Structure formats: structure tokens, C-alpha cells
Amino acid sequence: MKKDGHTHTRFSHHGSQEPLDLYLERAIELGFTDYVVTEHAPLPDAFLAAYTGPRSQDDDSAMLASELTAYKAEVARVKEKYGNQIRIHQGFEVDYLPGYEAETKAFLQENANWIDEIVLSVHFLRNSSGLIGPIDYDTDQLKQFFPVELQNPQVLFNKYVTAVQQSIEFDTGLSTPVRIGHITLIRKFQKYFGFPDFDQENQRKITAILTSILAKGYELDVNAAGLRKEFCGESYPDAKILRQAVELQVPMTYGSDAHAVADLGLAYNELSTIINEK
Ligand SMILES: [Zn+2]
Ligand SMILES: [Zn+2]
């Protein structure tokens with residue numbers, strides 16, 4: 001099996017407008033046998049009403065609730081067209097938003113019959129003034145929302161890995177597989193800010209994330225996206241943490257997190273070599 005467990009479509013708005021057909025044709029060309037379409041699920045209405053951060057080019061960093069039907073139809077269409085060449089799995093990348101668990105769970109319940117797999121990710125944190133800000137939008141937004149935390153990056157890291165741990169404890173109400181997304185996304189702009197390595201406490205928290213994923217019967221998203229970000233240069237998580245996950249026997253699935261056709265397959269061989277080390 002050669003699987004990409006984390007991919008996007010034009011419904012992200014912040015990625016390419018290429019049709020899903022081109023993604024599937026490229027994945028087939030690269031020899032993938034399994035492909036999970038995991039577009040950003042619509043953000044809860046209450047969250048959007050309270051959110052003061054930037055909105056991506058067109059609308060939001062996620063599909064709009066009004067686009068849900070079109071998204072599902074699009075996935076159904078490519079399944080019909082390419083289903084004899086590659087197994088296409090229906091999914092979402094779902095935001096774990098502290099304080100909005102009930103809305104998120106309601107969305108998952110409403111779509112339970114459609115969902116094959118989900119990636120559960122943290123992209124937003126509450127700052128020291130109580131506002132929710134995006135941690136992966138750009139360096140200016142990170143500075144604007146998290147100036148206090150940036151004075152000591154370990155505080156920022158701690159906030160992120162704590163939210164990731166909470167996401168594992170969140171009751172999705174689903175029996176479908178959950179992959180915990182890009183657990184070190186907080187390092188996306190590490191070269192810009194000159195971030196240090198995780199300190200011992202954060203390393204302990206990351207180990208706890210890995211053991212919790214295992215205990216929950218979840219999977220770790222082995223996310224290649226950081227490798228194509230100019231200020232990151234490593235996978236989420238990096239090779240060292242991946243080796244620790246291998247040692248702990250945490251189930252893992254490669255994810256290109258492709259937002260454009262050209263992103264597919266990035267570092268698949270290198271990352272699968274690491275995660276298949278015994
Ligand atoms: Zn994500
Ligand atoms: Zn993603």
C-alpha cells in the first residue's frame with residue numbers, strides 16, 4: 001500500500017485552483033494506491049463570528065458550510081472516474097478549537113456516514129489577551145497575535161503542544177480513524193524567528209502526545225508540508241520525533257498536505273524509510 005492520508009482541493013481557497021482530477025492523475029502516476037481527500041471542514045459559525053484574524057484570499061482558510069455539498073459531489077465524481085485505479089477515501093481535516101468542541105462534534109455527527117477518515121489538527125491558539133489567532137498564516141500574524149509568547153518560544157511551543165494533547169482527548173463521537181495532524185506545525189516559521197529546539201518539558205509533552213495517540217488507537221500524520229516551507233525545512237514532526245514514534249510503535253501515515261498538484265509525493269521515500277525502520 002502506498003497512501004497519502006492528507007490532501008487538499010480547491011475548496012481550501014488558500015491553495016491552487018487545479019481540479020481534483022489532476023491531483024488524482026498525479027497520485028496514480030506516482031504509484032499511490034490510497035488517497036484520502038481531507039479538505040478543511042467548515043469552521044463553526046460561532047468561531048467565525050468571534051474570529052478577528054485574517055481571512056484567506058477569497059473567504060476563509062476552510063471550505064464554507066455552503067460548499068459542503070459541492071465538495072462531497074466532487075469527491076464522488078473522482079471516485080467514479082478514478083476508482084478503478086486508486087482507492088479514494090472521503091475525509092476532512094477538522095480543526096480542534098478549544099471552546100468549540102460541541103459545534104465540532106455536531107458537525108462530525110452530521111457527516112458521520114460520509115466520513116472514512118479524519119485528520120484532526122490545531123491551526124489556531126488563544127493568545128494572552130484571549131483572542132484566537134492563526135499560528136500558520138504568516139510571520140506577521142504570528143507576531144501580531146503572539147508577541148508575548150514569542151518572547152520565549154518555549155511558551156509558544158508549550159501552548160501548541162498542549163492544544164494538540166487536548167485534541168487527542170477530544171471525543172469525536174466517531175468510530176472512524178483519526179490522524180493527529182502536523183503535531184509540530186508551530187515550527188513552521190522557525191528559521192525566520194530563530195527558534196531553538198524543544199526544551200525538555202516540551203519534549204516530554206511531545207512524548208505524551210505520541211503515547212496518547214497510541215493509547216487512543218489513533219495515527220500520527222507524517223506531514224511533508226514543512227519541507228517545502230522556506231522558514232521550516234523539516235517534516236512535521238521531524239525525523240528525530242518520527243524515530244521516537246517508531247520506537248513506541250505509534251501507527252503513522254504519510255501526508256503530503258498537498259495544496260497543489262506539484263506538492264504530491266514530496267519526500268515520500270525519505271519519510272517512509274524512517275517510519276518503516278524497525
Ligand atoms: Zn493543517
Ligand atoms: Zn492540511
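**Exercise 1. Determine how the donors of the zinc ion (ligand 1) are spaced along the chain, and which parts of the fold they join.**

*Solution.* Step 1. In this predicted model, the donors of the zinc ion (ligand 1) follow the pattern E-x29-H-x58-H.

Step 2. The residues behind this pattern are Glu-93, which donates through OE, and His-123 and His-182, which each donate through NE2. Their distances from the zinc ion (ligand 1) run from 2.1 to 2.2 Å.

Step 3. Glu-93 belongs to strand β3 (residues 87-95), and His-182 to the loop between β7 (178-180) and α8 (190-193); the pair therefore ties together parts that are 89 residues apart in sequence.

Step 4. Glu-93 and His-182 are both buried.

**Exercise 2. Describe the site of the zinc ion (ligand 2) and decide whether its geometry is regular or irregular.**

*Solution.* Step 1. The coordinating residues are His-6 (NE2), His-8 (NE2), Glu-93 (OE) and Asp-257 (OD), at 2.1 to 2.2 Å. Along the chain they are spaced H-x1-H-x84-E-x163-D.

Step 2. The angles among the four donor atoms of the zinc ion (ligand 2) range from 85 to 172°. For comparison, the ideal angle for four tetrahedral donors is 109.5 degrees. A tetrahedral assignment requires all angles to lie between 85 and 135 degrees. The site of the zinc ion (ligand 2) is classed as irregular.

Step 3. His-6 lies in strand β1 (residues 3-7) and Glu-93 in strand β3, so this pair ties together parts that are 87 residues apart in sequence.

Step 4. His-6 has a relative accessible area of 0% and is buried. Glu-93, at 1%, also counts as buried.

**Exercise 3. Identify the residue that coordinates both zinc ions, and state how far apart the ions lie.**

*Solution.* Step 1. Glu-93 appears among the donors of the zinc ion (ligand 1) and among those of the zinc ion (ligand 2).

Step 2. Glu-93 is thus the bridging residue, and the two zinc ions lie 3.4 Å apart.

**Exercise 4. Place Thr-38 in the fold and list its contacts outside its sequence neighbourhood.**

*Solution.* Step 1. Thr-38 is located in strand β2, and with 0% relative accessibility it counts as buried.

Step 2. With neighbours within four places in sequence set aside, the contacts of Thr-38 include His-6, His-8 and Glu-93. These three residues are among the donors of the zinc ion (ligand 2).

Step 3. Thr-38 is also in contact with Gly-5, Thr-7, Tyr-71, Gly-91, Phe-92 and Val-119.

**Exercise 5. Establish how the buried residues of helix α1 are arranged, and what covers them.**

*Solution.* Step 1. In α1 (residues 20-29), the buried residues are Leu-20, Asp-21, Tyr-23, Leu-24 and Ala-27.

Step 2. Viewed down the axis of α1, these residues fall within an arc of 160°, so they line one face of the helix.

Step 3. The elements covering them include β2 (34-40), α3 (68-82) and β3.

Step 4. Gly-31 follows α1 and has a positive phi, near 85°.

**Exercise 6. Classify two aromatic pairs and determine whether their residues are buried or partly exposed.**

*Solution.* Step 1. The structure holds 19 aromatic pairs. In one of them, the rings of Tyr-51 and Phe-124 have centres 5.4 Å apart and planes at 85°; the pair is therefore edge-to-face, since planes over 60 degrees apart receive that label.

Step 2. Tyr-51 is in the loop between α2 (45-50) and α3, while Phe-124 is in strand β5 (residues 124-126), 73 residues apart. Tyr-51 is buried at 10% relative accessible area, and Phe-124 is buried at 7%.

Step 3. Tyr-192 and Phe-231 also form an edge-to-face pair, with 5.2 Å from centre to centre and 65° between the planes. Tyr-192 lies in helix α8 and Phe-231 in the loop between β8 (219-223) and α10 (239-247), so the pair ties together parts that are 39 residues apart in sequence.

Step 4. Tyr-192 is partly exposed at 36% relative accessible area, and Phe-231 is partly exposed at 26%.

Step 5. Ring pairs link Tyr-192 and Phe-231 into a cluster with Phe-157, Phe-193, Phe-195 and Phe-198.

Conventions. Residues are numbered from 1 along each chain as its sequence is written. Chains are lettered from A and ligands numbered from 1 in the order in which they are written. This is a predicted model: local features need pLDDT of at least 70, side-chain atom pairs count only at pLDDT 80 or more; totals for chains, interfaces and linings use all residues. Side-chain values use heavy atoms; hydrogens and water are left out. Donors are N, O and S atoms within 2.8 Å of the metal (3.2 Å for Na, K and Ca); water is not among the atoms, so sites may look incomplete. Helices (H or I, at least four residues) and strands (E, at least two) are DSSP runs, numbered from the N terminus. Buried means under 20% relative accessible area, exposed over 50%, partly exposed in between (1.4 Å probe, protein chains only). The arc is that of the directions from the helix axis to the C-beta atoms. Contact means heavy atoms within 4.5 Å. Four donors count as tetrahedral if all angles lie between 85 and 135 degrees; four count as square planar and six as octahedral if opposite donors are over 155 degrees apart and all others between 65 and 115; anything else is irregular. Rings of Phe, Tyr and Trp (its six-membered ring) pair if their centres lie within 6.5 Å; planes under 30 degrees apart count as stacked, over 60 as edge-to-face and the rest as tilted.
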